[in-house]
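This report describes selected features of a predicted model. The account proceeds from sheets to domains, and then to the contact between chains.

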Amino acid sequence: MREEIFRMERVTRIERGMVRLEDFNLQVYKGEIMGLLPVNAHGMTAFLNLLQTNLPIRDGYVYYGGGLVNSWKESGREANRISIIQAQSCLVEQMTVTDNIFVLRQGYRQRMIRPGILQSQLEPFLRDIGIDLAADCRVEKLSVFERVVVELLKAVILGYRLIVLNEISTLISSRELCKLHHIMRHYAKRGFSFLYVSPHFEELVQLCGRVAMFSHGRIQKVLRGAEMDEECLRGYVEEYDSMVRAHLESCGAESEKGAPVLTVDGLTCGSLNRLNLNFYAGECVVIQNMDNEVYKDLTGLLTGALRAETGCFRMEGNPVEICGNRNAAVILEQPTRTMLFPRMSYMDNLCMGLSWRMPGVWNSFRIQKSIRKEYGKLLGEDVFDMQLEELDEKQKYQLVYMRVLLQKPRIVFCIQPFKGADMSHRMLVWKLLEMMLNKKIAVVILALNLADSISLAERLVRIGSDGSIEEISRDHFGTLSGDAPWRYLYREKSVKMTDGNVFRDFHKKTAEELGRP
Amino acid sequence: MREEYRLKYICNRVLLLAAAVFLLLLIQAAAWLLRFLQGGTGLWQGLIHGAAAGLYGAVYWFWIIVPYRKGEKWISHFLDGYGIPDSREADSFLLTPYMKRQIEMAEKVLKAPGAMDFNKRQAQYLALQNQINPHFLYNTLESIRGEALLAGLNSVADMTEALAKFFRYTITKVENLVSVEEELDNCETYFRIQKYRFGDRLRLHVECDEEDREDIMNCRIPKLTLQPIMENSIIHGTELKVGTGNLRLQFERTDSRLIIRLSDDGVGMDEHTLARLNRKLAGEVQTASYQEDGRQGGIALVNVNNRIHLIFGEEYGLHVYSVPQKGTDVEISVPVVASERQLPNRGILS
């Protein structure tokens, strides 16, 4: 008999007149790792809020640990003992790991805090999962992975029976993700339940027993057993699949690249050690950071937060800075939140990158009118008269990327462009990046998780924690490890190519035999 | 001004008056305290008036406003079509004795055995409709004839037996709750009949947790729960699909619930249709006139769902999951009941 830990029974939640969750059904069993795939993320925040707090609901029932905790009749607004681990940490900085786990909890009644005892209490838990971590370390000094592990341990020690992990793969490297999965499986065997939210089904297939597809505030389907086959799951993302397939088919053989648009010349900074790379026009390169520190250093260098110890970026042989350079653009993580200026109009936001090419853009109605005319077809006529708060997520993504396109840079660095995006937005970002490539702009994607990026890439550059570099060209993507997304497409492609070669060889041979040219 | 805040409603007038009294008490308290602060007397009067205001506010809040809001939520939930709440829950917020009678009357009408009878009759009607459905009969008899022509008399006998068994179960069984085993048996009989029509194009897989098999098979569920859903899956799901259709019937139980899932890998439905169907399933018990729009599809599901709501309560029922071109899952959730005597609401079965 299966024990139900959490259940939502046809829950409807309305926030500010908008239906966020509608007839939402979900159950999680004891010791289960359940996946949640946001095909469309509308309502996801409301769902996560509702997990943590028993907010008023319009209809339905919420059960946790066998008891009714929330219903349309009565919502106590009290917090559930459910932990949500996500980008935003719930640990208190300036305090140690043990303080966060043991002291900052309800029911801690000791008047004297004895760090030694607390550390010895934490020790067996760390040993159990094979993690080497100083219990007296302050939270702000922890790496992201360590922070995630500490939050997970806190939930386990406090006896939370359901732990939610929201898009963790965008926070930590692949190697760390493997370790985390191992820890999760370990605790699942001990009866803890997990809800693992990720937009990448390759990740979910490897880890979860069941996967619920979340769309428009409803659970569209729960996949289990034979349906969890990767081949079968791929059918659910058919549109995306065919889009990538078409792109790969349109990519011909490698042509002459010409001179690089940007050269990274012996760059050293923090964990980056003498990094040498070349980027060419119209080429997409994915830089996968196997370690979180490398990722931090690279983003710091691109955004101007860090300075190179030695080496530099070079354009046409001249040393340049990326930050503030009009020939280069950086698209930050979650750009719809970090790169838009809500007090400025749509047009001002759009033309921001254009002013260096057309200084009169702010006063010239003629230029603005022609931009409106040209981009209205792509973005829609109405958006130009809308306030920024009125734009939906899709329109915001379009605005950011179109701004960069208007700037006409020679190279664009995208920091985790697919982070936080649901399936439909990932497809949109993918198309926008493809548009940049078609305009012969070099696109460099900084990623922790390969997921969508690999489908656009011509080269994959892996930077290890020791600064070592491994470069893999598209022809060899089929040989990437089993969990690499879109690998099957590259394998198909390489098989086709091999078949093509065999076919060509056969024709050549036959022609020779027949004495034809 | 928003409609619900207008003074034409008595509740708003009462609220206004109460707020005025509360403010008056507060002003008096403040005036006395001000007098005291200016060097005069009045500390005690100020404190007494303040305490009276606090007490009045607290009593008014917990005694009047909180139950009133609860009542408002209860009624709006009903009016928005989210089901019929239990009238016993209304005791804490009754406005007048007449309101109590009014609520009881509404519940009596909507949850009366008559409503159950209506749904039962409808379930039988749906099943009978199949029996007299010319296509159903034609196809079945055609299959029998074909089999007879091809000589295998055993299969003709088998088919006829299946048909008879199915008719007998549908028509003669008068109990309201039957065991899962009986329902499953009827489903398999129905499937056998359909199999003669679809041949290898249709497959049924039954899955059950082995350790709980006995428990699950003894659980009681409303009669004609599974067969209408299976029929729905065949007609709207697998029949329209090119190639082999698979039906998967899964049983599992938790400590308090029995979950039956019927999945097909048919054509599925779009998000909008799915949302509309689930809304229908979550909504109130529908009357005959309301159910007319069931002609658009899903009437069998709504009927099964209504009977589950009426017998076991609104926490249980059906929920549908579907993805276009991938298939549909219908999940039935009922409490674990081994005998009709365990039902708090067994009067409805009579």
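In chain A of this predicted model, four strands make up an open sheet with antiparallel pairing, in the order β12-β11-β14-β15. The edge positions are taken by β12 (272-279) and β15 (318-320) of chain A; each has a single partner strand, so one side of each is left without a neighbour in the sheet. From one strand to the next, the twist averages 30 degrees. Within this sheet, strand β11 (residues 262-269) of chain A runs antiparallel to strand β14 (residues 310-315) of chain A, and four bridges join the two. Thr263(A) has Arg314(A) as its bridge partner in β14(A).

A further open sheet in chain A has six strands, ordered β16-β17-β18-β13-β19-β20, and its pairing is mixed. Its edge strands, β16 (328-331) and β20 (469-473) of chain A, each pair on one side only. On average, and with direction ignored, neighbouring strands of this sheet are turned by 15 degrees against each other.

Strand β19 of chain A illustrates the mixed character of the pairing. Strand β13 (residues 284-289) of chain A pairs with β19(A) in the parallel sense over five bridges, whereas β19 (residues 459-463) of chain A pairs with β20(A) in the antiparallel sense, over five bridges. Strands of a sheet pair through backbone hydrogen bonds in either of these two senses. The table lists individual residue pairs from the two sheets.

| Residue | Opposite residue | Strand of the opposite residue |
|---|---|---|
| Thr263(A) | Arg314(A) | β14(A) |
| Asn289(A) | Ile463(A) | β19(A) |
| Arg459(A) | Ser473(A) | β20(A) |
| Leu460(A) | Ile472(A) | β20(A) |

The hairpin of β19(A) and β20(A) has five residues between the strands, and in it Gly467(A) takes a positive phi near 90 degrees.

**Domains of chain A**

The domain assignment divides chain A into domain 1 (4-238) and domain 2 (241-486). Taken over C-alpha atoms, the centres of domain 1 and domain 2 of chain A are separated by 31 Å. Contact between them involves 21 residues of domain 1 of chain A and 18 residues of domain 2 of chain A. On the side of domain 1 of chain A that touches domain 2 of chain A, at least two residues are supplied by each of α4 (144-157), α5 (174-189) and α6 (201-207) of chain A. By class, that side of domain 1 of chain A comprises eight nonpolar, eight polar and five charged residues.

**Contact between chains A and B**

Between the two chains, 22 residues of chain A are in contact with 20 residues of chain B. Strands β1 (4-15), β2 (18-29), β4 (59-64) and β10 (218-224) of chain A each supply at least two residues of the side of chain A that touches chain B. The largest share of this side comes from β10(A), with five residues. Its residues divide by class into six nonpolar, five polar and eleven charged.

**Chain B**

Chain B contains eleven helices and seven strands. Of its 350 residues, 31% are buried. Among contacts in chain B between residues at least 6 apart in sequence, 68% join residues at least 24 apart.

Helix α10 (residues 271-282) of chain B has twelve residues, which at 1.5 Å a residue should span 16 Å; its end C-alpha atoms are 16 Å apart, in agreement with that expectation. The buried residues in α10(B) are Leu274(B), Leu277(B), Asn278(B), Lys280(B), Leu281(B) and Ala282(B). Which elements cover the buried residues of α10(B)? The cover includes β1, β2 and β4 of chain A, together with α11 (299-312) and β6 (317-323) of chain B. Those three strands of chain A also appear among the strands that supply at least two residues each to the side of chain A touching chain B.

Helix α3 (residues 97-111) of chain B contains Val109(B). Is Val109(B) buried or exposed? Val109(B) is exposed, because 12 other C-beta atoms lie within 10 Å, and a residue counts as exposed at 12 or fewer. Val109(B) and Leu224(B) lie 115 residues apart along the chain, and their C-alpha atoms are separated by 24 Å.

How values were computed
Residues are numbered from 1 along each chain as its sequence is written. Chains are lettered from A and ligands numbered from 1 in the order in which they are written. This is a predicted model: local features need pLDDT of at least 70, side-chain atom pairs count only at pLDDT 80 or more; totals for chains, interfaces and linings use all residues. Domain bounds come from an automatic or database domain assignment. Two residues are in contact if their C-beta atoms, placed from the backbone, lie within 7 Å. Ala, Val, Leu, Ile, Met, Phe, Trp, Tyr, Cys and Pro count as nonpolar, Asp, Glu, Lys and Arg as charged, and the others, Gly among them, as polar. Two strands pair if DSSP finds at least two bridges between them. Axes are lines fitted to C-alpha atoms, for helices over the stretch in contact, and angles run from 0 to 180 degrees between N-to-C directions. A residue is buried if 20 or more other C-beta atoms lie within 10 Å of its own, exposed if 12 or fewer, and partly exposed in between; C-beta atoms are placed from the backbone. The expected span of a helix is 1.5 Å times one less than its number of residues.
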